[in-house]
Each structure stands twice: as structure tokens, then as C-alpha cells.
Amino acid sequence: MPITYLTSIVHFESVINSHRPVIIEFWAEWCGACRSVSPLFEQLAAQNPAAQFYRLDIEDVRDVALALGVRNLPAFKVFKKGVQVGDLVGVDQTSLIRMVKNM
């Protein structure tokens, strides 16, 4: 399944209340670490069609990043039925794979 970009706080709120697990990658174009882990995130999205994968550019949707306390990039957050159930900060590929597997 392709990764969809979140474009507003309204879009974010509608997405996280899905009945399917949702994982969001918080990133920025200028973030080298974000660019290095993005191919893995895209691969995981393709391999896990039961979950929904989203990307949020913190420069474009700053209010969501601030509300969730995202201060370091990349950051990943998992939601189920509107509740955050997991998070990861940084480029830890093994932990990212494990987090997606356990969604």
C-alpha cells in the first residue's frame, strides 16, 4: 500500500481514528536521517497491507508535530482506534521493523 502524506490536523484526526492500525513517519526534507530510513518505511508499507502508513512533514503540518511532542527526527508513532500505542525516535531499523510487525 502506498504511503499517504498527511496535510492538516483535520486529516490527521480522521486517519488515526481508523479501525486499522496507523503508523505515521514524522520527517522533514532537510533531515538526512529521515531520508536514510524512508526506503525501509516504504518497503514496510508495501509488505503490510493490513496497516495504513502515512508521512507527515513537520514543516508543513507543524501543529500536529507540536501537539504530539515531536522534537527529534525521524519519529514514528502508531495509533489504533485513535489511541497512540507505540512510538520510536531515530534511525533504529530493527526497532522499526519490530514495531510494524507488532501492530
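Me: Helices (H or I, at least four residues) and strands (E, at least two) are DSSP runs, numbered from the N terminus. At what angle to S5 does helix H4 run?
Reply: This is a predicted model, in which local features need pLDDT of at least 70 and side-chain atom pairs pLDDT 80 or more, while totals for chains, interfaces and linings use all residues. Residues are numbered from 1 along each chain as its sequence is written, and side-chain values use heavy atoms, without hydrogens and water. Helix H4 (residues 93-101) lies across S2, S3, S4 and S5, where contact means heavy atoms within 4.5 Å. With axes fitted to C-alpha atoms (for helices over the stretch in contact) and angles from 0 to 180 degrees between N-to-C directions, its angle to S5 is about 165°.

Me: What arc do the buried residues of H4 cover around the axis?
Reply: Ser95, Leu96, Met99 and Val100 are the buried residues of H4 (buried: under 20% relative accessible area, exposed: over 50%, partly exposed in between, 1.4 Å probe, protein chains only). Their cover includes S2, H2, S3, S4 and S5, whereas Thr94 and Lys101, on the other side of H4, are exposed. The buried four lie on the same side of H4 because, by directions from the helix axis to the C-beta atoms, they cover an arc of only 135°.

Me: Which strands stand at the edges of the sheet?
Reply: The open sheet has 5 strands in the order S1-S3-S2-S4-S5, with mixed pairing (a pair needs at least two DSSP bridges). Each edge strand has a single partner, so one side of each is left without a neighbour in the sheet; these are S1 (4-5) and S5 (83-89).

Me: In S4, which residue is the bridge partner of isoleucine 24?
Reply: Strand S2 (residues 22-27) and S4 run antiparallel, joined by 5 bridges. The S4 partner of isoleucine 24 is lysine 77.

Me: How many residues apart in sequence are the parts tied together by phenylalanine 12 and phenylalanine 79?
Reply: The structure holds 4 aromatic pairs (ring centres of Phe, Tyr and the six-membered ring of Trp within 6.5 Å; planes under 30 degrees apart are stacked, over 60 edge-to-face, the rest tilted). Phenylalanine 12 and phenylalanine 79 pair edge-to-face, at 5.7 Å centre to centre and 85° between the planes. Both are buried. Phenylalanine 12 lies in helix H1 (residues 9-16) and phenylalanine 79 in strand S4 (residues 75-80), so the separation in sequence of the parts they tie together is 67 residues.
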